[in-house]
Structures are given as C-alpha cells and as structure tokens.
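Hi,

Here is the structure I promised to pass on. Have a look at it first, and then read my notes below.

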2 protein chains.
Amino acid sequence: MEQLCFGVDIGGTAVKVGLFTTEGRLVEKWDFATRKTKEGKEILKDVADFIKEKIQILKLDMGSILGIGIGLPGPVKDNGEVLELPNMGLGHFNIEKEMQELIGLKVKAANDANIAALGEQWQGSGKGYHNMVLITLGTGVGGGVILKDAILAGSNGAGGEIGHMLVNYKEKDRCGCGKRGCLEQYASATGIVRMAKRSLSSNNKASALQNIDNISAKIVFDLAKEGDALAQDIVSEACRYLGIACANIAQVIDPEAFIIGGGVSKAGEVLTDQIKEYYEINVMDALKNKDFKLAVLGNDAGIYGGARLILASNG
Amino acid sequence: MEQLCFGVDIGGTAVKVGLFTTEGRLVEKWDFATRKTKEGKEILKDVADFIKEKIQILKLDMGSILGIGIGLPGPVKDNGEVLELPNMGLGHFNIEKEMQELIGLKVKAANDANIAALGEQWQGSGKGYHNMVLITLGTGVGGGVILKDAILAGSNGAGGEIGHMLVNYKEKDRCGCGKRGCLEQYASATGIVRMAKRSLSSNNKASALQNIDNISAKIVFDLAKEGDALAQDIVSEACRYLGIACANIAQVIDPEAFIIGGGVSKAGEVLTDQIKEYYEINVMDALKNKDFKLAVLGNDAGIYGGARLILASNG
C-alpha cells in the first residue's frame, strides 16, 4: 500500500491542498475559498472536512496517510503554537493539536513563507542544498530559511521575516509594519511601483513610464529590459537592496543558496544576476560565490513544503 | 570515576586550556604562547603534548576523559573541516581528525567566536536560552549564533560573522575585510577610536577628547558617562549600528537574547540599554522585547564552549 500525505497552504483568500507520495510526487491538488467569519477557527474545520471528503472520494485507506503539513500566514513555533493570526481572527492556540483532534491524523504546521522555502528545498530550485534562503517577492516580501534541511522557525516562530530587515536608513515613508526603510518597501511589487512613482515625480529623465497610468512591477521590469533608463534605475535600486539584505543574511547564517520567488521573480534572471552582483560587493570573502536561482514551484511551493514537513517529522 | 573533558581556545597569541566536569565546573585552567612557525600545524602538536602532560601530572585516567573541544580563529565547518587559517599558516585540513590522531581522544572543533557563544549559553549570561546571539566587541567585532542549543556554523563555517554586516552605506573608509560600512568599523574598540578621531576633526563641539593623545574606547565611554556631549554622540552612533545589526539578525533568526561581550562591554549596561533602544525602533512588532545582557565569562567563554561542544557531541 503506497503511503501518502497532504500538504495544505492556508492563505487569506484561498486554501490550497495537495496529495503527495513520500517521494514528492504531487498526485492531485485542489483549492477552495478561505471562509471569512468572525470565529476564524472555522477554517480548521473546513480544512478537516475537505480532506476527509477527499480521502472518502479517492477511497484512500486512513492507515496509508502519514499526516498533514500546514502552512499558515503568521508566526508558528516549532511545537505548533500560533501566537496570533489577526487577519484570520485567531488568537493564541496550538494548530497541530486542534487539527489532530478534528481529523485524527498527525499534523505539523509552520509559517507559510517558511514552508514554501521547505517546498523549494525539497522539490524545487533548492534541491540538493541543505542550507538555503527563499525570498518571495510578491505584494510583500516574504522569506524562509532552511538550515540543515529544516525550517528555522526561531524562538517565537518569526524566523525568516526578512521583508522587514532595515535596508535604507534615510526612508521617510512607513512600511506596512510601521517601521521605515524595510526591504519590502523597495523589493515587493508594491514597493517597485512606489519607487517608480517617486522617481517620476522627482526626476526629469525621459521615460516611457511617464505615459503609463497603471504602473505595475511587471511594466517596470519590461521597460528596463527594453533599455528605459529610469526603469533600469528602479530595478537596480530594488536589486541593490536585495543584494545587501542577502549579504547581511549570509553574514549571519552562511547558506549555500538564495532562491528568489514570488510574482516579481517572473522578471527572470535579470533579477538574480543583479542581486548577485550587489551581493558580492557587500559580503566578506569567505561568503562569496553563493548560488542565486529563481524559484520553480510557484504557488505550489507551500503545499510541497507542507508535505515535506509532515514526512520529515515521521523520520 | 568522575568524567571530565578539555576545552581549548587557540588564539593568535595564546592557547587557553580548561579542564571541566560534565556539569560545567572549571577544575583548572592554563595558557601558553601560540608557537609561530612557518608550518602552522605544529600548534596542533603543542596542544596535544600540553594536554597529555596535564593528564599525566594530574594522574587522570584516559578513560575518564570524554574528549576535547577546540575553538579556532577562522571558519570551521560542522564536520571539523578548516578551509584556511591564513594567520596561522594553515591551509585546508580537518582539525578533528588530525588532533584525534595526535592525542587518541575524541575531538570536536568550531570557530572561536561561535564556541564563545556556546560557552556563554552553557554557563554564562545565556544560561536558559536555547536561541541566542553573542556579539564580542574587542579589537574587531565577533559573533556567534546558538540555535536550539547548538552552534550555527553555516555551510562553510562562516556563520555568525556579524562584524562584517553592512550597516552604513555611506562609509568611505575600508574595513579590514576590504568592504566598506561593516559593523566592526563602528562598534569595535578600534572603530570607536576611529569615530572619535573623525568627530574631532570634523566637529567644533567642545570635548575633553580634544586634550587626549591616546584615545581609547574606554576613555570615550568614561567621558560619555561623565556627560561629554561629543563622547556621548560617538557611543550613541556605535549603539545605533549595533541595534540595527541586532534588529536585522532578529528578522532572520528570531533569537531569545543578545549577549554583548568583549573588552568594550566593560562599559556596562549603558551599552546594552542603548543597543536595546535602537533595536526596538528597528525591529518588527513580533520580534520586540528580546533580552539584552552583558557576557560574564570574559576570556574563559571559549574554553567553556569547547567543553560544551565535546559534551554535547557525546549526547
């Protein structure tokens, strides 16, 4: 009887679920809308019911299911403790214990960005590395650190929150987190648009960006590739801050590789090449020549990581 | 028969050796000058001979010695591999294997700053923390990261090299490492003196520092405590960069505490208080309220850490 497991990625708008073999083959995947209620814990019941239904429909033997690995959009401690998920109306609770009671299967959980890193390390661009960092450039900047094949969750589950590393001491605008000068303010899709608008209002350089109403990060990267100097400056600035952040991360944890994912990473190797360039300038000799790669699992990284989390916990 | 172990700290000028009980009591300690020869490996033979002699003099049973833990001034991988120790004329070799052959006891090794962190975590200010960072402010700035009670060595043994995190993008002078704007350029004893001299040449603020020929970090801190405004500015700048570095470290690894050691830390709580102040401003909410403490083991941190390293490797 083949052994299987589930990887679950609970997001603010959708829940993704994948069924995996122990070798990391994605057998089938699904998603459903995250239910928004005052009592956020109903989401746990939804996930349990959904998986139970799939087990029934697919006629799976409960004994063949090794467990469920879950990613959550907030800090999760190594023991499954969630301190708070304000977006989902959830306070302090232990997600592993509560889900286990609901579904009767072993459950492991972690932060969604950390679990995406574990997914890339298991079956994506991080394959073969024991120590690596995933940086996701989306609406925000997320991060996950893998050390010795395991998630670095940190003492309160807030490990890998590299989007809020301070990279610019002169910034006047506030980040969503309340601080000023966070990496996220320059390297996220939102941050790139913010920088573009700022450049346009303070700069006389001729640029095709001046004629565009709805600037997006993609447009900035496309124009940069076409040779637009202002767009190139914005891309350089984003990559410079990313390179500096990677250098400072390396000075602390000395990983083998940095994997760049998220919507912005669709820009391709122009991104990793430039980040690496700024990285090399800002890191000490013993830490030079790390690998910089693009992520490959896309939105599935989280469910892969969930599967890996539960498999690793089974030894 | 009581079980014992040795902790060894090999430095550029002296080798420190400590004999410890398994509970962490320092039974006796010694030191001897580091032999400077073209063939750096003679230092390994010196250490082996020294320990063999002590075992003989103290009439210790070889069977009661669990092993030797060694700290080295350079990157050491988890498996004992040393890539290079240029200061000591040593190239690529495995110190654990070579020492084991020389002495017939189990040997574990790590970088000296990392091993000092392990020492403080075992029997110093870090007692009780599972995840902590030691920052040593001496001639340079050293660092060591402990995660889940173990040293974070990183993929090439260069984990915890936080003295070379980039903290000032505007710096024009080069750090000893070749980069510009490293933490070490502001927070080491040398860095504080450098900042003092720079302030004196560019600043008209009246300061007692103007009348001192041989400015030292201690003098700067003493004058700051006495209310000298220029000295206070210099201390603030050092603490600001330290606070920012700690914040960026926390964003990556989420430790429980930061322990500040090294000669400069003799300045006392004025240092930890100010670092914490700048830390809190620059870190996201989920990471606030970490502990900041002064190290207590001084120069013995390395031998304590060596002992702990070998004891932990025995399970």
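One definition before the notes: a salt bridge here is a side-chain nitrogen of Lys or Arg within 4 Å of a carboxyl oxygen of Asp or Glu. By that rule, the number of salt bridges between domain 1 of chain A and domain 2 of chain A is zero. Keep in mind that this is a predicted model.

**Inside chain A**

The domain assignment splits chain A into domain 1, made of 4-122 + 299-313, and domain 2, covering 128-296. Their C-alpha centres are 28 Å apart. On the domain 1 side 15 residues of chain A take part in the contact, and on the domain 2 side 22 residues do.

So what do the two domains share, with the salt bridges at zero? About 1400 Å² is buried between domain 1 and domain 2 of chain A, and 57% of that sits on carbon and sulfur atoms. On the domain 1 side, the residues that lose the most area to domain 2 are Asn114(A), Glu120(A) and Gln121(A), which together account for 43% of what that side buries. There are also three residue pairs in polar contact across this interface, both partners at pLDDT 80 or more. Helix 3 of chain A (residues 112-123) provides the largest share of the domain 1 side, eight residues. Sorted by class, that side of domain 1 of chain A has ten nonpolar, two polar and three charged residues.

**Between the chains**

Chain B superposes on chain A by a rotation of 180 degrees, with 0.0 Å of shift along the axis and an RMSD of 0.0 Å. The two copies are thus related as by a two-fold rotation axis. Of the interface residues of chain B, 100% are also interface residues in chain A, so the copies meet through the same surface.

In numbers, 42 residues of chain B touch 42 residues of chain A. The two chains bury about 3200 Å² between them, 58% of it on carbon and sulfur atoms. How many salt bridges are there between chain B and chain A? The count is two. Lys148(A) makes a salt bridge with Asp78(B), where the closest N and O atoms are 2.9 Å apart. Polar contacts between the chains come to 26 residue pairs, again with both residues at pLDDT 80 or more.

Which elements of chain B supply at least two residues each to the side that touches chain A? They are strand 9 (141-147), helix 7 (229-253) and helix 8 (269-282). Helix 7 of chain B gives the most, with eight residues. By class, the side of chain B that touches chain A divides into 21 nonpolar, twelve polar and nine charged residues.

**Salt bridges overall**

Side chains of opposite charge can pair when their charged atoms come close. Over all chains, the rule gives 30 salt bridges. One to look up within chain A is Lys108(A) with Glu96(A), whose closest N and O atoms are 3.6 Å apart. This pair links distant parts of the chain, twelve residues apart: Lys108(A) is in strand 7 (residues 107-111) of chain A, and Glu96(A) is in helix 2 (residues 95-103) of chain A.

Cheers

Technical notes. Residues numbered from 1 in each chain as written. Chains lettered and ligands numbered in written order. Predicted model: local features only at pLDDT ≥ 70, side-chain atom pairs only at ≥ 80, totals over all residues. Heavy atoms only, no water. Least-squares fit on C-alpha atoms with pLDDT ≥ 70 in both. Contact = heavy atoms within 4.5 Å. Domains from an automatic or database assignment. Buried area = accessible area lost by both parts, 1.4 Å probe. Polar contact = N/O pair within 3.5 Å; in protein donor to acceptor, adjacent residues only side chain to side chain. Helix = DSSP H or I, 4+ residues; strand = E, 2+ residues; numbered from the N terminus. Nonpolar A, V, L, I, M, F, W, Y, C, P; charged D, E, K, R; others polar.
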